[in-house]
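Welcome! Take a moment to look over the molecule below, and then we can walk through it together.

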Amino acid sequence: MPRIRQVLKYAVMTCAVFGILWTVLAELIPNRFVRIFMSPTENILEIAPDIIRKYGISFLPKGRSR
């Protein structure tokens, strides 16, 4: 049982780190993510940062989910 708890601890920590990392990147460079997946128009670049930032914040609770 101790090994299972250790693996669970590492899994939760990994989720938390990636959730924080994604949130920071979504806050700092949201349009870069848009450019990775498409050739955006000016209109898309105008509205995308707000959407990506909201989506990025949703990853914060993932590290605490069980």
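How many helices and how many strands does the protein have? The protein has three helices and zero strands. Please keep in mind that this is a predicted model. Reading from the N terminus, the elements follow the order α-α-α.

**Overall form**

Let us start with the whole chain. The C-alpha trace spans about 55 × 20 × 15 Å along its principal axes. For a compact globule of 66 residues, the radius of gyration would be near 11 Å, but the protein has 16 Å. Of the 66 residues, 18% are buried. The protein exposes about 5,600 Å², and carbon and sulfur atoms supply 66% of that area.

Charge is worth a look as well. The protein carries 10 positive and 4 negative charges, and the mean positions of these two groups are 23 Å apart.

Contacts tell us how the chain comes back to itself. Taking the contacts between residues at least 6 apart in sequence, 54% join residues at least 24 apart.

**Helix α1 and its partners**

Helix α1 covers residues 2-28. Why does its end-to-end distance agree with what one should find for a helix of 27 residues? At 1.5 Å a residue, α1 should span 39 Å, and its end C-alpha atoms are indeed 39 Å apart.

Within α1, the residues Gly19, Thr23 and Ala26 are buried. What do the buried residues of α1 pack against? Their partners are α2, at residues 30-37, and α3, at residues 42-57.

**A meeting point: Thr23 and Gly56**

Thr23 belongs to helix α1, while Gly56 belongs to helix α3. Is Thr23 buried or exposed? Thr23 has a relative accessible area of 9%, so it is buried, the cut-off being under 20%. Gly56 is buried too, because its relative accessible area is 0%.

These two residues are 33 apart in sequence, and their C-alpha atoms are 4.5 Å apart in space. Leaving aside residues up to four places away in sequence, Thr23 touches Gly56, Ile57, Phe59 and Leu60. Counted in that way, Gly56 touches Trp22, Thr23 and Ala26. Ala26 is one of the buried residues of α1.

**Two partly exposed residues**

Val24 is found in helix α1. Its relative accessible area is 40%, so Val24 is partly exposed. Asp50 sits in helix α3, and at 43% relative accessibility Asp50 also counts as partly exposed.

Which residues can we pair with these two for a distance? Val24 and Tyr55 are 31 residues apart in sequence, with 12 Å between their C-alpha atoms. Asp50 and Asn31 are 19 residues apart in sequence, and their C-alpha atoms are 9.9 Å apart.

Here are the three pairs side by side:

| Pair | Separation in sequence | C-alpha to C-alpha distance |
|---|---|---|
| Gly56 and Thr23 | 33 residues | 4.5 Å |
| Val24 and Tyr55 | 31 residues | 12 Å |
| Asp50 and Asn31 | 19 residues | 9.9 Å |

**To finish**

When you go back to the picture, try finding Thr23 in α1 and then Gly56 in α3. Thr23 and Gly56 touch each other, and the buried residues of α1 pack against α3 as well as α2.

Conventions. Residues are numbered from 1 along each chain as its sequence is written. This is a predicted model: local features need pLDDT of at least 70, side-chain atom pairs count only at pLDDT 80 or more; totals for chains, interfaces and linings use all residues. Side-chain values use heavy atoms; hydrogens and water are left out. Helices (H or I, at least four residues) and strands (E, at least two) are DSSP runs, numbered from the N terminus. The expected span of a helix is 1.5 Å times one less than its number of residues. Buried means under 20% relative accessible area, exposed over 50%, partly exposed in between (1.4 Å probe, protein chains only). Contact means heavy atoms within 4.5 Å. The radius of gyration is taken over C-alpha atoms; the globule rule is 2.2 Å times the number of residues to the power 0.38. Accessible areas come from the Shrake-Rupley method with a 1.4 Å probe; for residues, only the protein chains shown count as cover. Lys and Arg count as positive and Asp and Glu as negative; His and the chain ends are not counted. The place of a charge is taken as NZ of Lys, CZ of Arg, CG of Asp or CD of Glu.
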